[in-house]
Amino acid sequence: MKLLLLTLAGISIANAGLLSHWTFGKEKFEGQSLKPSGEAAENPEFDTDGHLVFAAKQHVIFPEENAQKLPLETFTLEARVRIDQPQKWGSIVSYSQDNGSHERGWLLGYNGSRFSFRLSTGGPLLEAAATEPLEPGHWYHLFATYDGKQMRLYVNGTLASSRAVTGPVVLPEIPTPFVVGAYKDKDEFYPITGRIDFVKIHDTLPTQKELATIAKKSAGVSFSVRPAVRFLAPGKALLFWEASHPGKAIIAYGPTRKLGTIVESTAKELRHELLLEKLQPHTRYSYRISSETEDGPKFSPIYEFDTGMNYMPAPAPSPTHPLADNYLQDLSNQPGFAIVVGLTDGSLTRALASQSQLNITAFDDDLDLINTIRRELTTEKLHGSRITLIHLPDLKKIPLTSCVGNLVCSERKELPCPSSELSRLTRPQGRTALPGGTFTTRDPIPGSGEWTHQYGPPSNTAYSGERLGGSQATGELELQWIGRPGANFGIDRQPRMSAPLATNGKLFHQGLNRLMALDAYNGQILWGMEIPDLRRVNIPHDCANWCADDDHLYVAIKDLLWVLDAATGKRVTTLKLTADHRDSHEWGYIAQEGDTVIGSSVRLGAEFKKYFGDAWYDKVGRDSDTANVLSDNIFGYSKSTWKSNWSYSRGLIINPTISLSDGKLCFLESRNAGLKKDTSGREATRNLWKDIHVVCLDASTGKVIWEKPFPKTLLRTDAKGFIQVSYGAMTSEGFLATLSEGDTNELGKPTGKGLFSYHYFDLADGTVRFQSQTSWRTNHHGSHISHPVVYEDKVYTDPTGISLPDGKPLDHKFGPREGCSAVVGTSYGLLLRGIDRCLTFWSHDQKKPTHWPRLRPSCWLSFLPAQGLFLVPEGGGGCSCGGWMETSLAFIPRNNSGITGSEEPKK
Amino acid sequence: MIRSTLALLVLCSAASAKPWTTYRHDNRRSGVSSESLHLPLSQAWSHDGGPPQQAWTGPAKWDAYSANDGLQSMRNFDPCHFTTADHGLIYFGSSADNAVHCLDAKTGDEKWLHFTNSSVRFPPTIIDEKAWFGSDDGFVYCADALTGKPLWNKRAAPSDRLVPSNGKLISPWPVRTGITVENGRAWFAASLLPWKTSYLWCIDATTAEQIHLTEHSGVTLQGAMLAGGDRLYIPQGRAAPVVLKQKDGKATGTISQAGGVFCLLTEDNQLIAGPPNQRERDEQLRIADTKSGKRLTTFNNTTRVVVAQGKAYLHSVDKLQCLDLTRKGEVETTLASHQTALKKLDPKVETNLPEIERLKKALTDTQVELKKCLLWQIVHPAPFELVVAGDQLIVGLNNQVSILATATGKTLWQEKVTGKAYGLTPAQGRLIVSTDLGHIHTFAPQQ
């Protein structure tokens with residue numbers, strides 16, 4: 001089947017308010033003159049469709065007075081364009097000057113591969129840029145609108161970016177070209193490569209109906225469950241999705257955006273699964289799904305997956321062994337790490353590899369035997385990949401830290417070491433197989449915690465009870481494993497993304513539209529999935545898009561919750577939003593406890609996706625990037641039935657405040673009715689803080705246990721101050737609302753100073769136990785949006801905190817905290833980005849920090865104390881500002897590591 | 001007796017052919033051999049060594065906050081199974097199967113195999129019929145280069161401890177610098193974690209007795225060590241290379257203008273290295289003065305350069321170029337002095353005007369001279385590796401290897417290979433090409 005490129009046939013809004021309209025077809029030109037008023041800079045050339053070719057230096061100039069007559073506060077730029085070559089300073093239509101600090105005018109174009117709308121209200125050109133990259137060679141419909149308060153950019157009828165701006169546009173004061181097809185000002189000239197069908201200028205804004213019409217006509221293929229790719233084996237992956245209508249689908253994929261390979265999926269039902277084989281290693285593939293509809297073929301955007309993230313083990317063909325089945329029994333068939341201490345002939349080791357996905361390392365003291373087997377395995381391309389043999393003269397003590405192996409055994413009938421050594425090497429929930437058929441399973445490390453949600457437990461305390469073996473300094477932790485995933489996994493420094501999770505021996509980590517499961521104890525990658533619609537950022541002003549329990553990983557993707565098998569990544573089921581929100585909302589909050597899964601609905605487009613450019617999300621004051629994401633409702637599902645139990649809907653729930661503990665669900669809710677009606681689901685205005693209530697629900701029924709009006713905040717008044725960020729957390733006794741409140745001057749401008757205010761409500765009845773405050777240390781690099789670490793007896797926010805239950809300020813500070821990351825707690829200290837902007841361990845006892853040089857975490861939370869380990873999946877490698885390590889790793893407390901004595905070189 | 005006969009045989013078969021005894025030919029990692037290859041060549045054999053298992057993943061896709069895309073890897077020191085060649089034999093260390101392999105240069109038959117307990121990331125250094133190599137297991141090994149017989153091994157790491165890493169076990173102190181044998185001394189480092197002490201060893205290359213052992217904190221020593229003058233230079237990936245004294249192994253500092261793991265020393269001890277960091281929007285190599293640490297020249301849009309007899313061969317944007325580096329340095333010095341002199345003269349002082357005019361003209365003339373330093377350039381795809389063999393420039397490309405005339409840039413010979421040609425070893429009359437897919441192709445003169 002021939003694949004057709006998606007084209008839009010002259011879609012435009014009605015001509016209401018139309019001030020200017022230019023088309024660039026062949027019929028409009030006489031020589032270089034464009035009717036009615038333009039002039040092509042070069043001799044015009046036209047493609048076979050009659051479109052003017054914008055290439056080399058071609059552009060069209062219009063009389064400057066046309067631009068000067070345009071309205072300055074309410075206008076719409078509309079264009080239909082095809083960009084063939086992304087570039088910096090790409091301009092479709094502009095009337096602008098950018099000369100050092102002197103920036104004036106407006107511009108609709110693209111910057112790199114993102115459509116962009118810029119304007120100046122007297123200062124620098126302000127930008128609203130699309131988060132998704134444009135696809136070269138494809139037609140797009142663009143609206144850039146300004147109403148004197150907000151600039152908005154719509155791509156194919158859908159809001160791609162918006163930005164709060166104040167005042168009329170200020171035009172250039174010097175002669176300036178009014179240009180289509182190039183950026184041109186006093187001293188700069190950047191022509192574009194592509195086609196422009198038309199440019200229109202209106203003095204009105206498009207209506208919702210008009211936007212919807214364009215969005216509908218522009219829409220591609222629709223999904224009931226959106227696509228993803230899961231890796232199966234080297235060179236092999238599964239592409240899967242569910243269509244909204246039955247019928248065949250065509251998939252085009254290849255190692256470039258030209259795609260290439262075309263295959264057909266003929267699933268009779270909605271679910272499609274397509275096995276992709278013979279994929280090249282270390283290659284970023286593009287793919288597109290299309291389907292036939294009554295309106296003709298519909299196409300998905302071009303998605304990507306990267307086989308460089310495929311770390312699944314290769315099959316190991318080899319004979320079976322009578323013991324292998326027994327040894328592997330009760331171990332799930334997933335990748336892992338097996339240790340064999342003592343060989344006979346290697347046959348059991350080979351069989352374990354062939355009958356499982358385990359990576360196997362065998363130790364033996366007979367070098368000749370080892371080398372013989374090594375040669376055989378090398379010939380079979382197995383040595384060093386699935387099986388590694390290590391010569392160790394003395395097998396009594398294996399030079400590994402404890403808790404490494406999923407399976408630990410021996411080929412010999414008589415163990416060459418004490419059985420306790422095999423047990424020591426076995427990871428929690430792992431299996432020790434002793435000669436004679438005795439099997440033991442290791443218990444969890446005493447004092448180990450579970451990090452199942454963004455801030456540890458669903459109560460958001462950033463403390464999971466992890467004791468880390470009593471460690472409170474970096475020197476008391478030893479390397480447990482090091483390696484993948486590396487810097488190519490994530491979004492450079494994981495800008496305010498969801499934190500990794502760790503539970504039941506697994507570590508889950510999110511990257512750039514991908515997620516991965518690892519064995520927490522040995523770093524073995526268990527499975528990986530590439531999900532184009534996964535991304536969510538600005539978590540401090542929202543909530544994470546995932547959580548986990550022992551068996552499942554729960555991931556919010558658009559309007560659904562994907563429930564994944566934690567061991568394999570296979571999708572078990574999907575959960576839907578409440579019926580009234582399925583077409584208009586996306587899945588927001590996600591948490592689980594006991595048999596309950598909690599979700600919430602946020603309005604389409606409210607979640608933050610932007611990460612390219614200045615996406616720091618901590619600018620002081622009310623800003624579009626520091627707006628809170630709000631939920632219109634919250635609801636509960638039962639894990640045992642996957643059925644919805646209840647829903648609660650009243651005001652606007654402030655996502656970062658939602659907390660769950662011991663069957664109680666607490667949050668802050670704005671009951672400002674006007675706001676609920678008008679909000680986009682993302683709110684930075686002070687209206688959010690009118691009529692705020694604290695609500696406590698029964699998490700299993702949704703019934704209100706108590707609700708209270710929120711007491712007056714400490715710094716903010718109706719006329720002054722602002723709330724920078726708000727967090728909720730729960731102890732066994734209370735719900736703690738922590739507000740970061742900034743001060744403003746008489747003109748409403750932030751003074752740069754502020755405080756954390758703490759409001760503690762009795763969990764039983766909502767009584768206010770106390771309100772107290774501590775001052776901001778500073779107002780940048782996330783210091784002023786510091787998430788609290790909540791213990792039963794104290795709370796820390798940068799740089800100090802309060803004691804519980806009385807709310808009195810602490811008599812000490814922690815730190816230094818440097819860089820943008822959050823802080824988490826262990827029983828004996830705080831972990832943070834500190835000294836030299838590196839990962840730092842601050843001791844509760846010593847009140848002193850120690851650090852790991854060159855170990856850079858992400859710009860929110862990429863490290864967690866859990867599972868008896870300190871887990872540090874890669875989070876900062878894309879920060880080009882330092883000599884970072886660019887790797888994932890884990891530490892084990894030296895106390896639990898099995899390491900004895902000092903480590904010094906033999907001289 | 002057998003060993004002596006074997007040595008004689010292989011020596012005879014390789015008579016008059018120049019060896020390539022260490023990574024990138026010599027301890028300056030120059031990538032320059034004095035002997036040209038007899039063209040045309042044809043493939044004699046190829047060997048599938050299995051896909052390399054690199055120590056580090058690729059770099060981040062971009063620094064999104066800085067809107068800086070196309071970040072460059074600063075740690076890809078092991079993209080292929082690099083080779084050395086001597087005695088009619090070809091050697092490579094494998095990050096895949098943890099062994100050093102020795103192949104017959106003529107037939108590709110495996111002559112010997114020496115396993116270690118983890119990945120070997122650099123080819124063995126061949127000195128005095130001994131093969132020296134380090135491993136991720138934290139040990140350094142020495143074997144008979146002709147037979148593979150183990151001679152001795154030494155633990156460079158402070159303990160036997162191993163940790164899981166990418167499906168294997170490695171020492172927390174792997175040996176990832178290769179072995180540099182200079183003036184009868186063998187140097188290597190055991191290093192990885194900046195929060196742990198790293199160890200630089202110097203032993204007698206004949207007796208293996210320890211000469212120095214120095215401890216270094218806050219460093220991660222990875223990438224092929226270089227030696228020049230009385231100094232050693234060890235790359236650190238994303239941090240600047242460390243400079244150490246050969247006299248006692250003590251560090252004297254870092255070269256802040258340098259970075260990455262592509263490093264070479266020119267004959268006058270200038271360090272060419274890159275990429276210097278990930279902040280630059282263009283790929284960059286810089287030349288730094290090793291004494292002052294100052295930057296002398298920047299090559300933009302460049303990832304590989306080779307310098308032979310004062311001429312630099314490099315690729316920039318879409319062109320392969322030959323620059324007269326010696327002359328360029330002289331002209332740039334003159335240019336700088338003119339610019340400095342001009343800045344000092346106040347144009348409002350009338351008596352300065354004749355001198356200002358003279359300097360302006362001199363500047364114009366010097367800029368013309370600077371342009372003349374570009375000896376030739378041709379449109380050419382970006383290479384993964386460049387080396388020189390006599391009057392031939394050898395270029396490693398994606399699925400191809402080419403040989404060009406150093407004098408003109410004219411293509412003399414080209415052939416297909418499987419994968420990206422990162423490793424080029426022109427030695428003993430043959431061209432050995434290592435690719436990212438693990439293949440080793442050997443081309444020999446046609447009979």
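Here are some notes on this two-chain structure, which is a predicted model.

1. **Domains of chain A.** The domain assignment splits chain A into domain 1 (18-218), domain 2 (223-309), domain 3 (337-441) and domain 4, the last built from two stretches, 468-522 + 534-897. If you are scrolling along the chain, those bounds are a handy map for the points on chain A below.

2. **Where domain 1 meets domain 4.** The centres of domain 1 and domain 4 of chain A, taken over C-alpha atoms, are 39 Å apart. Seven residues of domain 1 are in contact with six residues of domain 4. On the domain 1 side, strand β13 (residues 158-164) of chain A supplies the largest share, with four residues. By type, that side of domain 1 divides into three nonpolar, two polar and two charged residues.

3. **The nine-stranded sheet of chain A.** Have a look at the open sheet that runs β2-β3-β4-β5-β14-β7-β8-β9-β10 in chain A, with antiparallel pairing. Its edges are β2 (29-30) and β10 (126-129) of chain A; each has a single partner strand, so one side of each is left without a neighbour in the sheet. Note the order in the middle: β14 sits between β5 and β7.

4. **One pair within that sheet.** Strand β8 (residues 102-112) and strand β9 (residues 114-119) of chain A pair in the antiparallel sense, over six bridges. To find the register on screen, start from A:Gly109, which stands opposite A:Ser116 in β9(A).

5. **A four-stranded sheet in chain A.** Another open sheet has the order β32-β64-β63-β62 in chain A, and its pairing is antiparallel too. Here β32 (477-483) and β62 of chain A are the edge strands, each with a single partner strand, so one side of each is left without a neighbour in the sheet. From one strand to the next, the twist averages 25°. The edge strand β32(A) pairs with strand β64 (residues 888-893) of chain A in the antiparallel sense over six bridges. A:Ile482 has A:Leu889, in β64(A), as its bridge partner.

6. **An unusual phi in chain A.** A:Arg854 is not a glycine, yet its phi is positive, about 65°. The residue is found in the loop between β61 (849-851) and β62 (864-866) of chain A, and β62 is the strand at one edge of the four-stranded sheet. Is A:Arg854 buried or exposed? With 24 other C-beta atoms within 10 Å, A:Arg854 is buried; the cut-off for that is 20 or more.

7. **An unusual phi in chain B.** B:His25 is also not a glycine and has a positive phi, about 80°. Its place is in the loop between α1 (2-13) and β1 of chain B. B:His25 counts as buried because 25 other C-beta atoms lie within 10 Å. I would check both of these residues by eye.

8. **Cis peptide bonds.** One of these is in chain A, from A:Gly815 to A:Pro816, with omega near 10°. A:Pro816 is found in the loop between β57 (800-803) and β58 (824-825) of chain A. In chain B, a cis peptide bond joins B:Leu39 and B:Pro40, with omega about 0°. B:Pro40 lies in the loop between β1 (32-33) and β2 (41-48) of chain B.

9. **Chain B overall.** Chain B has three helices and 35 strands. Its radius of gyration is 23 Å, close to the 22 Å that the globule rule gives for 447 residues, so chain B is as compact as a globular protein of that length. Along the principal axes, the C-alpha atoms of chain B fill a box of roughly 85 × 55 × 45 Å. Of the 447 residues, 57% count as buried. Among contacts in chain B with a separation of 6 or more, 52% come from residues 24 or more positions apart.

10. **The interface between the chains.** 50 residues of chain B are in contact with 61 residues of chain A. On the chain B side, the elements giving two or more residues are β3 (62-63), β8 (110-115), β13 (163-165), β14 (168-170) and β18 (210-216) of chain B. Which element gives the most to this side of chain B? That is β13(B), with three residues. The residues on this side of chain B divide into 25 nonpolar, 16 polar and nine charged.

Definitions and conventions: Residues numbered from 1 in each chain as written. Chains lettered and ligands numbered in written order. Predicted model: local features only at pLDDT ≥ 70, side-chain atom pairs only at ≥ 80, totals over all residues. Buried ≥ 20, exposed ≤ 12 C-beta atoms within 10 Å, placed from the backbone. Pairing = 2+ DSSP bridges. Rg over C-alpha atoms; globule rule 2.2 N^0.38 Å. Contact = placed C-beta atoms within 7 Å. Nonpolar A, V, L, I, M, F, W, Y, C, P; charged D, E, K, R; others polar. Domains from an automatic or database assignment. Axes fitted to C-alpha atoms, helices over the stretch in contact; angles between N-to-C directions.
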